[in-house]
Every structure is written in C-alpha cells, then in structure tokens.
Amino acid sequence: MDFLIFQIPILMVQASIDGILLGILFALIAYGMALQWGVMNIINIAQGELVILGGYIAYFMYIVGIHPAFGVIVSPVIMYFVGWSLYKLVIYRVVDRDLFISILATFGISILTQQLMNFVFGSDVVVAQSNFGTTMLFNYMVTIPNSKLFAAIVSVIFAVLLVVYMRRSKLGRAIRATAQNPRAAKILGVDTEKVYAATFGINAALCGVAGSLIAITFTLHPYVGLPYTVRSFMIVIIAGLGNLPGVALSGMGLGVFEEFSDYIFGTEFRIAAVFLLLVVILVYRRFKLSRKREYLK
Amino acid sequence: MNSILQVNQVCKYFGGVKANENISMTVDEGSIVGLIGPNGSGKTTLFNSIVGTHPIDQGSIKFQDKEVSALPVPTIAKLGLLRTFQQTRIYGKLNCIDNMRISAKSVQDNFLSVFSKIPTELNEKAEQLLNFVGLYQKRKLRAGDLSFGQQKLLELAMALMNEPKMLLLDEPTAGINPTLINGIIDRLIKVNHEFGITLLVIEHNMRVIMSLAQHIFCLAHGQLIANGKPEEIKNDQRVIDAYLGVQ
Amino acid sequence: MINQKTFIYLAILAFGILAPFIFPAYKLQISIMWILVVLSLTWDVQGGQMGYNTFGNIMFFGLGMYICSSFHIGIFFPLAEWTASGGEKTFVHTPLQFFQGFFIGLFLAGIIPALVAAIIGYGILGLRGHYFAICTLGLGIAAGELAGGIELVGAGQGMTSPPWPKGIGDTELRSEFFYFICFILMSSTFLFLRWAYSTRFGLVLNAIRDNEDKAEAMGINTMQYKIMGWVVSAFFVGIAGGLMGNMIGYIEPVETAFAGRTFGVFMVLMAILGGKGTLWGPVIGAIAFHIFKEGFWTFFLGWQYVALGALIVVVVIFFPEGIMGWLREKYPKRFGELVDEEDRKAQVELK
C-alpha cells in the first residue's frame, strides 16, 4: 500500500478530476440500470456487456475510418434495437417470473454476449483512437485527455436529454406511470409491453453511449463488462431508485474512489477494490437494516 | 387468571403514518380474544409488533411476563408465541407431511443439532393434526398445489405442530368456503379448550368472532376505540361508526 | 433381491472403479466429470435446496487449489522461490514428501475454505435474492483479481503444482491415482449430502427456500443452517479445487483457479439442467453436461462458449425444473405424490 498520493496534493487533484470525469460515465450507466430496475423490477446482470457491445460499435466505426466520436450517435441507435430485440426475444418471458429465473436469465445473456464479442472481435484489448489531444492544468502538472472531457460532457448532455424526455414525452410519462403501478397503468390504457420493451431499449441505448465513450477514453475487452455491471449496481443501491442527483454524486464518488485506489493499492488491484467495495457496502447495509429487522429487498 | 400477553402503550409509526398509537391490551391465559376494526386500522401491524417482525417505536410488550419487544422473530417463536399470516405462508415445494415435520419444535439448538434426525414419532403427530384440520387425504401432495383455503388449514396445523402457548391468527376464515367456516370455528374452540392454546384472532367476519371470542378489542385509525364482551361491542356506537366510516 | 436403487448405486460404483481400466484414454475426462458432479452438488446446496443463487462458490474452488499446492510446496521448500520463474525445477519432492504434502495440502484445501465460509457467512448470508447473488459474484471475481496480485503464489503468471515424483510409476499411475481420489471425493460428497438431506438440515434448507420469513416465524434459527450449508459446500469444493490444480499441473488465477467463466458457470448450469433441489438432479446434470460438452464441443468450433450462454438462457426459461422436474411431472407416482384411494376412505370426519 502506498500513501504517496496524500503527500503530494497535485496528485490528489489529478486523481479527483479523473475520478469525477469517470464517475459521470458510471452514473450514466447506473441511470439506465435504475430505469430498468424501477420499471420492470429486473436487475440486468448483462448491463456491462451491453456497454462493451456499444463500445465495440464505436470501435468498428474507428476501424472502417469513421471518427469514433460519432459513435455516441450511432451506437445508441443500434443498441436501442439490440435492447428492444433482447426484450422481445428473452426478457419478456422473465419479467413476471420469480427472482431466480430473472437473475439467471440475465446472467446467461451476460455470458452469451461476452463470448459472442470474444468470438467476433477477438480477445485483444483495444482502443478507438480519438486524437482529441490533452488539456494541461496547473502548469502541466495535471493532464486531462480531452477525450475524457468529451466523455463527461456527452454523458451529461444525454442524461439531461433523457430526463427531459421522461418528463415531457408521452412515452416518458407512460414509463413513469408503469414504474409506479403497472396494473393501474395497464387499466388506464398504457401498453405495458411496449413500455417494457422501450425501457429495455432506452437502457441499452444509454449503455451504447457510455460504451462508445469508454471505447475512446479507456479500453475495450470482451470480458471487462462485469465491473461496469457491479459499479452501476453499487451506485443504484447507494443512491436509491429515482434519485438522479444521488446517482450522479455516487457515480463521481465511486470514480474518485477508484482513482485513489490505483495510487494506494496499485492499478492491478483496481477491479478487486471495486468488487470488495461492493461487498463492504452490501454487508454494511445488511447490518444496518437488521437493526430494524428488515433486509434488503 | 394470569395474563399471558400484556401490550402497553405501544406505538408504531411508518414515516408519517401512525399505524399504532398508544395501544394497550391484555390477553388472559387460555382465553380467546378478538381483534377487529376496519381495513387499515392497524391490526396486522399490531400483530407484527407483538411477534417481533418489526421493532416498536414506543411502549412495551410482555409475553408471560417477559419483555419481548426487543427480541428477534425466531426467539419469540421459540418462547411459544406464533402467528399465522393473512396471505397464507406455507412451504410450497414440500409436501404437507414435511411442512408439518419441519414445524415441530427442535429439541436442541446448537450447531451440531443441525444434522439431527427429525424423530419418526413426529410423523404420527403430523398425521393426526392433518386429520384434525381435514387434510389427511392430501398429506402427500405439495403444499403449493393446495387451494387457498386448504393452505390456511395447513398453516393452522403447522402452528399446532409447534405446540405454541399462544397463537395469533390473522383472518383465519378469510377466503374459506362459507360452508366450511363452522368447521373452522369448532376446530379453533377445540384448539383452545383441549390444547389449552390462548388465541388472539383478527377477524372481519362478525359472526365468527362473536361466537368465538370471550373478549374483543376494536381498532380504528391506529387507535384502540373500544374493548369488552362481544355483546357490548356489537352494540357499541363507536365500533359501528368506525365500520360505517363515520368520522 | 436387489431393488432398483441399490442396483443403480452398485452400477455406478462398478463403473467408477473399473472405468480407468476399461477406458484408459479417458481417465482425465472421467476424473473431471467426477469433479463436475461435486461442483454441481455443492452449488445445489445453496442454489437448489436453499434457493440462494450463489455465483461465488468458485471462490472456494480457487482457494482450495492455491492452498493445496501452497502447503504441498511450502511445508518443504520456500514457496516464494518456487513460484519465481523456474523455481519448480530447483526444488524436487521426494516421493514421501510428495504424498505427505499432497494429503496435508488436500486436507487444508477443504478445511480453510470451510472456515472462510463460516467467518464471512454471517455477513454474506444475511443478504437475500439479487443482493446475495451479486455480492457472491463480486466475491468470486475479487478473489481471482486478488490472487492475480499476490507475488507469493505467482501473481498473474500463477504457479505450477508439484510434479509427480520420479520413480513412482508412470503417467498412467499418476492419472489413476488422481482419478480414484476424484471418485472418492465425489462419492463422499454424494453420500454426505444424501445423509444430510435426510436430517433436519435438508428440510430447513427447503423451508428457507420456500418461505424464509415463515421459517423464522416458526422459531427456526435460519442463519445457523445457512452457514452450515455454505461450510459444507466450501469444504467439498475446496478439495475439488485442490485436486484439479494437481491434475492440470498449473494454477493460473483467473482461468484455472477462480474460473468463474468456466467452472463457475458450469456449476450453475449443470444443477439446473439436471434438476435443482433434488439429490440426483445435479449428478445427472453434471454427467449429461460433461458428455454433451465432450461430444459436441468440437461441433461448435469457436462458438462453444456462446452456445453455453445461450444454453443457460434456454434452460432457465424453458426448462427450469430440469430433467428431474420433467420426470416428476411424468411419473408423479414414483415421487410419492398421490392421494391414495385408501387414504380417501380413511378420512375421518370431525363431529
């Protein structure tokens, strides 16, 4: 363990900025998971895989010569249909059934997608170069790749767009109504099937946006999806469903945690740190709730 | 007569909602007591408080003179205080006999007893109790395949298997075919007289509770509004108003 | 007169003992099949009998693997030097050392994961449903990532397990040795669970699965049973891991030891395929899966693992009760679920 970072303030600034920019991206993915969880009561274990899949779409564009930044437009469109199709093929069978089946079904989709991407794209770690350059702050002591700034800004834009859409549009209101009370919504004429399919599609589209941003700013590999699933799960359980500012803050907090953890424990333990944080949070929650004789539902 | 259950000034709040406010009641050992009140009056919340499903915000609950409000559910159950659920709870994938066998009290409770065999004598007792509630024929079926009414009977049998001292019944006749309700009433009276189990019963069916209970408590809006003998309660204006929705 | 059940047991026993001699080319395959049965049976203790979907039992597998070899080596030689490159060539076990170390290591490979399960069980098993599932998923992955960072056991490169001592037979003998230990492990696991399910343990686990709140409301100390179940699983899975590490010869943290993507996934699929919550279901599922995998894997070329994921989805959605469940639907009589004519007549009316 190396506490050097606490002795050099400028490193803390670097880590915090990196963490916040990263965290905004996490928050976007978490928002999608929360949406699905709140509306359909499904926790999508394949969330991370949808992100990586979205990323590979941007990477593919990069390979064929299109600037991957356009991925943030193309990827969500394609991913919306992927999500919608997944719902129509598999998820609809699982929505009303017991927990065991819905967990395992999304788990199966996660494995399936991982291996599909591995088969199609190979198992090399890849990046879609954006060539956006770097911003230097504080007399060259803090470096921020502009791609990360781009990613944060795009994430915020999409988040805002989505919030507005959910408030103003007919589908958005239908989704919110279904989230609150599916039976009532159905009676009042809302086509819940359509709502569920759209919700799954929107979630996949958000993952697509996030994925393309990750393709530009970090790396892609068929098997790095699960950490993103776990991150969004963590953010949602800390912030709670329906608490968008909380999601943003928790996301940023998690991002900062990860960056600091890199310095303290080393980058090779970053994923381990994330997963162990999850365990710590869940166990802490469990003990806190057991005082009230409740359990996490 | 001893009081087996003493509820003293119990309050339970859910956020801003006062589900139970200053409820006080005593139940004498060996008696049958009714708990009535319109929907939403806090009856099931009170049950939950008594058996430890959630902690209470104020007040005290004593079972056999022992303070139980801070104890967890399994501990209270082991003291002999059981309850049945409004939406019946049974072990759906096990057959009725196994539901019964696992409901019996376990003699020891340490880590080694985890692998103790369930005594075969219990099989006979299980069959007798299933016969008592009229489910002997169905004993080998999966509990989840029974009808709602049959599951209610199974739940009662399971509770009896555990030999409780006191049983809290949450709407025991709801969902039961009206022709079978007399059978339920008879069985509950038998449970009380022959097995000596004190009963506290939530009921909406007035006929049932009037013929069963020796004493009745009435809740409305989270508060205790009346208590007394069935005859008194039947004619109590406050009770009538509560049910008819007069403020 | 041998009844049907005894016949099946004897047949399996005969197969188990004779297989390495009848099918000498498949010794390793059948050994792995027995390992798969153990993984499947132990997953089922949580997943099928208790209704707690665990994705983290692989943690015990990997732990057992590392522990067995670490002690196997560490008792006689400095472990750090062994795991440094080429270290295994410098230190050679004598035959006595090899077998002593192996059995001590294997024993600890069962005990230490069991202790871990007992210690963390109180916290982790207090979670339910999705939270338990994702938490155990996290544990399984974190274990692999952590192991990949520990220099002592070879970090990302992993370590070799001690090679078979020179002078003690040939590779055939080695395969036979490990084969029989695998078979003994599988038999012990099966027989232990068969006994355990006939006690309170079995029924309480089922009660927790069907209605945990009801079980608590009836006075059952559920946490005790949950922990005991995990300890039992951890013990057998740990030993399985120790064996696997020796058979493969090389322990790599994420692909071999904490092999979430292969064995971790297999153990779930096999139990469901065969019929979760039954004693024979996981056994049948493991055997069927193994045969299918060995037979048809090559047909799928690069698509094997894609097909695996698809298979999980299909089985979980369309065939969640598995083979045993399907048999139960077809032959309810054999499972004893009937209302007899005699019982009908025996119903006594209450006056």
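At what angle do α11(A) and helix α7 of chain C pack, and how far apart are their axes? Keep that in mind while you set up the view, and remember that this is a predicted model. The predictor gives the complex an ipTM of 0.91 and a pTM of 0.91.

**Stop 1: chains A and C**

Show chains A and C together and pick out the residues in contact. You should end up with 35 residues from chain A and 35 residues from chain C. On the chain A side, colour α4 (99-121), α9 (225-239) and α11 (270-291), the elements that give two or more residues to the side touching chain C. The largest share of that side comes from α4(A), with 14 residues. Now recolour the chain A side by class: 29 residues are nonpolar, three are polar and three are charged.

**Stop 2: the helix pair**

Back to the opening question. Select α11(A) and residues 129-147 of chain C, which form helix α7: the two pack at an angle of about 145 degrees, and their axes are 8 Å apart. The crossing of α11(A) with α7(C) is left-handed. For side chains, turn on I271(A), A272(A), F275(A), L276(A), L278(A), V279(A) and L282(A) from α11(A). Facing them from α7(C), add Y131(C), C135(C), G138(C), L139(C), I141(C), A142(C), E145(C) and L146(C). By class, this helix contact has 13 nonpolar residues, one polar and one charged.

**Stop 3: confidence along chain C**

Stay with chain C and colour by pLDDT. The chain averages 89, and 94% of its residues score at least 70. Which elements mark the two ends of the range? Helix α10(C), residues 222-248, has the highest mean pLDDT at 96, while helix α16(C), residues 341-346, has the lowest at 50. Next, select residues 346-351 of chain C, where pLDDT stays under 50. For that stretch the model has six contacts beyond four places in sequence.

**Stop 4: the two domains of chain B**

Hide the rest and bring up chain B. Give one colour to domain 1 (1-80 + 165-247) and another to domain 2 (90-107 + 115-163). Their C-alpha centres lie 25 Å apart. How many residues of each domain are in contact with the other? Nine residues of domain 1 of chain B meet eight residues of domain 2 of chain B. For the domain 1 side, go to helix α6(B), residues 178-195, which provides the largest share with four residues. Taken by class, the domain 1 side has six nonpolar, two polar and one charged residues.

Key. Residues are numbered from 1 along each chain as its sequence is written. Chains are lettered from A and ligands numbered from 1 in the order in which they are written. This is a predicted model: local features need pLDDT of at least 70, side-chain atom pairs count only at pLDDT 80 or more; totals for chains, interfaces and linings use all residues. Two residues are in contact if their C-beta atoms, placed from the backbone, lie within 7 Å. Ala, Val, Leu, Ile, Met, Phe, Trp, Tyr, Cys and Pro count as nonpolar, Asp, Glu, Lys and Arg as charged, and the others, Gly among them, as polar. pLDDT is the predictor's confidence in each residue, from 0 to 100. Axes are lines fitted to C-alpha atoms, for helices over the stretch in contact, and angles run from 0 to 180 degrees between N-to-C directions. A crossing is left-handed if the near helix is turned anticlockwise from the far one by less than a right angle, and right-handed if clockwise. Domain bounds come from an automatic or database domain assignment.
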